[in-house]
Amino acid sequence: MRLPKQITTSKPHLEGAGVHLHRGFGFGETTPYDPFLLFDDFRNDDPEKFKNGFPWHPHRGIETITYVLAGKVDHADSLGNRGTLGPGDIQWMTAGSGILHQEMPQGDAQNRMHGFQLWANLRAKHKMTTPRYQDVQSKDIPTVVEDDGTSVRVLCGDFWGKTGPVEGIAADPRYLDISIPANTIRSIPIETTRHAFAYIIAGSVRFRDGSDPTAIRVEDPMNHGTKLQQFAGNRSLVLFDQGDSIRVESGDEGGRFLLVSGEPIKEPVAWRGPIVMNTQSELQHAFKELQDGTFIKQSND
C-alpha cells in the first residue's frame, strides 16, 4: 500500500500578466515528481485576478496539460492554431521543438475561472519533436461510476476498463479526476514503477493502510519533522511513497481529488522559465534562438 510521503498546501503565486493562482509544486527539486515538473491551481472567482491571462510566451522541451472545470480559456499559438476550452475540457500541448502561445481565461456567469495546469517533462530524444495539440471536449472523457458512488473521470491512461482520450504522450501518464461519497473507503491501483501525487479540490480525504490512519506519520517540511496524518482538505498536495495501490478515506462531506502518476524519466533537467532541456548549453542555445528569431522550427503554412 502506498502511504503519503509528504503532505503540503499549494502556495499563492502570481504568474502571466498578473494571474493569481496557487502552485502545488514547481521550480524546485524535480526528482520526487519526475516526470512532472509543475502543477498550478488557477481557481479564482474574481475576474480582476485572472482577466489579463497568460499573454504570448514560449515553450520548449515539455508538455503542458490544461484542465478546465469552470469558465473558459481561449488559446492561440504561433502555428495558427486557436480555440476555446470550456468546463470539463482538457488540452494536452506537446511543445516539443518550440512554440509561442497564449492562454486567456474568462469567467462564467458567476465570474468563476476554475482550472489546473500540469507540466510533464519530455525525454531528451523527444525534446525537439514537432509541436502538437490534443484538445478534448468534456463529452469525450469517459467516466466510471462504482456501486458505492465513487466516480472517476479518466482524462489520460487506462483505468477500471476505460481509456482516456489523450494519447501518444511521452511520459505515459495516468490523470484521473476522482470523486468519493461521504465516509467511504476505496482502494485505487497504481503501478509500482510510477511516481504519484494527489491534489484535493473539494471536501476532505486521507490516505491510509489497513491500520489506524492516525498512526501514519508523514513528512512536515514546514516544521522539518513529521506529523500524524489527519484529513487533508482543499488545495492539499499529497506526494506518495512506493507501493502498488492507495487506500483513500473520505470525510463527512465526501472528497474530490486529482490523482496523477507517471513513469520517471530519470534524466538531467536544465530549466529556466518555460523552457526545459537536459543541459545548460542546450538551455542557453534555446534562449539565443529566442533572441535571434530562430526558435520556431515549424511554419504555420
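This tour goes through a predicted model, stopping at a pocket, a helix and three loop residues.

**The largest pocket**

Begin by selecting Glu-15, Phe-54, His-57, Gln-117 and Trp-119. Of the 20 residues that line the largest pocket, these are the closest to its centre. The space in this pocket is about 330 Å³.

Next, colour the strands β3 (19–25), β4 (36–41), β5 (54–59), β10 (99–106) and β11 (114–121). Each of them supplies at least two residues of the pocket lining. Which strand gives the largest share of the lining? Select β5: four of the lining residues come from there. If you colour the lining by class, you should find 10 nonpolar, six polar and four charged residues.

**Helix α1**

Move to residues 280–292, which form helix α1. Put a distance monitor on the C-alpha atoms at its two ends; they are 18 Å apart. This agrees with expectation, because 13 residues at 1.5 Å a residue should span 18 Å.

Now show the side chains of Leu-283, Ala-286, Phe-287 and Glu-289, the buried residues of α1. Turn the view to look down the axis of α1: the buried residues fall within an arc of 150 degrees, so they line one face of the helix. To see what they pack against, add β24 (270–272) and β25 (275–277) to the selection.

Is the face of α1 turned away from this buried side lined by buried or exposed residues? Select Ser-281, Gln-284 and Gln-291, which are exposed and sit on that face. Then step to Gly-293, which follows α1 and has a positive phi, near 85 degrees.

**Three loop residues**

Go back to the loop between β3 and β4, where Pro-35 lies. Select Asp-34 together with Pro-35 and check the peptide bond from the one to the other: it is cis, with omega near 20 degrees.

The loop between β10 and β11 is the next stop, and the residue to select there is Asn-111. Its phi is positive, about 65 degrees, although Asn-111 is not a glycine. Asn-111 has a relative accessible area of 37% and is therefore partly exposed.

Finish in the loop between β21 (225–228) and β22 (236–240), and select Arg-235. Arg-235 also has a positive phi in a residue other than glycine, near 70 degrees. Is Arg-235 buried or exposed? Its relative accessibility is 18%, so Arg-235 counts as buried, the cut-off being under 20%.

Methods. Residues are numbered from 1 along each chain as its sequence is written. This is a predicted model: local features need pLDDT of at least 70, side-chain atom pairs count only at pLDDT 80 or more; totals for chains, interfaces and linings use all residues. Side-chain values use heavy atoms; hydrogens and water are left out. On a 1 Å grid over the protein atoms alone, a cavity is a set of points where a 1.4 Å probe fits but cannot get out, and a pocket is an open set with protein on both sides within 12 Å along at least five of seven lines; lining residues have an atom within 4 Å of a point. Grid points are joined across faces, edges and corners, and a volume is the space filled by probe spheres set on the points. Ala, Val, Leu, Ile, Met, Phe, Trp, Tyr, Cys and Pro count as nonpolar, Asp, Glu, Lys and Arg as charged, and the others, Gly among them, as polar. The expected span of a helix is 1.5 Å times one less than its number of residues. Buried means under 20% relative accessible area, exposed over 50%, partly exposed in between (1.4 Å probe, protein chains only). The arc is that of the directions from the helix axis to the C-beta atoms. Contact means heavy atoms within 4.5 Å.
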